[in-house]
Amino acid sequence: MRVIVCAIYLMIGIMPMTSGWAEGSNILLDPIQVCKKQQKLPNKILEICKQDSRNKTSLLKKISNGITLGFRECENQFRHRKWNCTTQRRSMKKILLKDTRETAFVNAITAAGISYTIAKACSMGELVECSCDKNLVRHNVLLNNQMTNIDGMSHTATTININNNNNNNFNNKNRNKKPRRNNNNNNKRNANKRKAPDGLPGMGENWEWSGCDDNVNFGNRKSKDFLDARYRRRSDIKTLVRIHNNDAGRMAVKKSMRLDCKCHGLSGSCTMKTCWMKLPSFAEVASRLRDRFDASSKVIASNDGTGFMTEGLAIKPPTKQDLVYTEESPDFCKPNPKIGSLGVHNRECNITSTGEDSCEILCCNYGYQRTTIFVKSNCQCRFIWCCNVICSVCTEKREIYTCR
């Protein structure tokens, strides 16, 4: 009788955690299906789920596209590694149920994908809930961060020339002065003009904001609402790690914003530049996160139970941009459906490489085999007026190497 009671107690104690963690993985694998469980969803997710997912301009559709973008780029970043971030549902579901560094990357890249997709959609006018970012104060913060990160050099912070005065730095002296009446027109004209900092490559004497940055702040907010809302009342170590990695993914998007400018002037001159902050390709964001994956830290619950700390005392504490995990990664060399590993059998490797894609590393010392294939492709193409391109078909002999 005592054994039965203990078994029931363990089931009751474990079930909520396992169920919640599995539900968290389903929101990434099938976000639209999660919206059907409206009785269990937080209000912020319910607001998103009320929209029609079939509508291309709905926020839910953009979130779904963002998750797809994250998974696709995850496959691209890890295509030459033992764990290749396969999107096979059974394999990925097992990965998401764990708390390894692979899980950390998947959570971060999907959070980043949602934020990135929504930010771009806002700037393109594809969502009624948002537009491009016109906050001038936020421009100052983003620009100053950009100036200090160009070519690893530190640049002087820019100054807003509100009164067309080079010495106006919003100090107490100028704040107390009343504006002159005859300068009102100049104030409006120069409200968005700035003087470029010394050492900034390609910048002219003056430049101004166009007022249409990629709205990464709105994207980050909606990504957080959709992914983190269900975990806000929980403080277990897995939840803390998941939220931390989600935030790291969103921060990677924000930190990757760059300054882009367009020249204006007579006869092709560049006497004035209109500038704004824009996002790079998502591959650059993913590459930044992959570097964080390689330097990720294993953590354990802190003594007070409200946070986490690194497992080794000599290890530097992780920053908000770093990825963290609590479980060691399994062996991905052999196929194992219990852990989501597909193995490396028949994976193509690079015989001339010394990196992760080399046959020695990728094939886990199981050996590799050489296969000769013949590939047909267009060649000797020529243009015929007007307007056709005629190509010949060439056959090329190639040798590929695959893991045994």
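A contact here means that heavy atoms of two residues lie within 4.5 Å. Keep that in mind as you look through these views of a predicted model.

**View 1. The whole chain, before we zoom in, shows 13 helices and 13 strands.** The protein chain has 404 residues, and 41% of them count as buried. Its accessible surface comes to about 23,600 Å², with 50% of that belonging to carbon and sulfur atoms. Which share of the contacts with a separation of 6 or more joins residues 24 or more positions apart? The share is 65% in this chain.

**View 2. Here is the largest nonpolar core, a set of 57 residues.** Residues with the most contacts inside this core are Ile-63, Cys-74, Trp-83, Met-92, Phe-105, Val-106 and Ile-118. Helix H6, which covers residues 101-123, gives the core its largest share, 13 residues. Now find Cys-74 and look around it. Leaving out residues up to four places away in sequence, Cys-74 touches Trp-83, Cys-85, Phe-105, Val-106 and Ile-109. A second core, separate from this one, has nine residues, and among them are Cys-333, Val-344, Cys-364 and Cys-403.

**View 3. Three strands line up as E11-E13-E12 in an open, antiparallel sheet.** At the edges are strand E11 (348-349) and strand E12 (368-384), and each of these pairs on one side only. How many bridges join E12 to strand E13? There are 15, and the two strands run antiparallel, with E13 spanning residues 388-403. You can pick out one of these partnerships yourself: Tyr-368 has Cys-403, in E13, as its bridge partner. Cys-403 may look familiar, as this residue also belongs to the second nonpolar core.

**View 4. A nonpolar patch on the surface brings together Phe-383, Trp-385 and Val-389.** Together these residues have about 440 Å² of accessible area. Phe-383 sits in strand E12, the edge strand from the previous view. Is Phe-383 buried or exposed? Its relative accessible area is 53%, so Phe-383 counts as exposed, the cut-off being over 50%.

**View 5. Another open sheet has three strands in the order E7-E6-E8, and its pairing is mixed.** Why is one side of strand E7 (308-310) and of strand E8 (324-325) left without a neighbour in the sheet? Both stand at the edges with a single partner strand each, so a neighbour is missing on one side. Look next at strand E6, residues 297-301, which pairs with E7 in the antiparallel sense over three bridges. Within that pairing, Ile-300 has Met-309 of E7 as its bridge partner.

**View 6. Lys-224, Asp-228, Asp-247 and Arg-250 are linked in a network of salt bridges.** The model has 17 salt bridges by the rule used here, and this view shows two of them, starting with Lys-224 and Asp-247. Their closest N and O atoms are 3.1 Å apart. This pair links distant parts of the chain, 23 residues apart: Lys-224 is in helix H10 (residues 216-228) and Asp-247 is in helix H11 (residues 237-255). Lys-224 counts as partly exposed because its relative accessibility is 30%, and Asp-247 counts as partly exposed at 27%. The side chains of Asp-228 and Arg-250 also meet in a salt bridge, at 2.5 Å from N to O. Asp-228 lies in helix H10 and Arg-250 in helix H11, 22 residues apart, so to speak of distant parts of the chain being linked fits here too. Are Asp-228 and Arg-250 buried or exposed? Asp-228 counts as buried because its relative accessibility is 1%, and Arg-250 is buried with a relative accessible area of 4%, the limit for buried being under 20%.

**View 7. Lys-298 and Glu-328 join strand E6 to a loop.** Their side chains meet in a salt bridge, with 3.5 Å from N to O. Lys-298 belongs to strand E6, while Glu-328 is in the loop between E8 and strand E9 (335-336), 30 residues apart from its partner. Lys-298 has 18% relative accessibility, so this residue counts as buried, given the limit of under 20%.

Conventions. Residues are numbered from 1 along each chain as its sequence is written. This is a predicted model: local features need pLDDT of at least 70, side-chain atom pairs count only at pLDDT 80 or more; totals for chains, interfaces and linings use all residues. Side-chain values use heavy atoms; hydrogens and water are left out. Helices (H or I, at least four residues) and strands (E, at least two) are DSSP runs, numbered from the N terminus. Buried means under 20% relative accessible area, exposed over 50%, partly exposed in between (1.4 Å probe, protein chains only). Accessible areas come from the Shrake-Rupley method with a 1.4 Å probe; for residues, only the protein chains shown count as cover. A nonpolar core is a set of buried Ala, Val, Leu, Ile, Met, Phe, Trp, Tyr and Cys residues joined through side-chain atoms within 4.5 Å. Two strands pair if DSSP finds at least two bridges between them. Patches are made of residues with over 30% relative accessible area and no salt bridge: like charges are joined within 9 Å, nonpolar side chains (Val, Leu, Ile, Met, Phe, Trp, Tyr) within 5 Å. A salt bridge is a side-chain nitrogen of Lys or Arg within 4 Å of a carboxyl oxygen of Asp or Glu.
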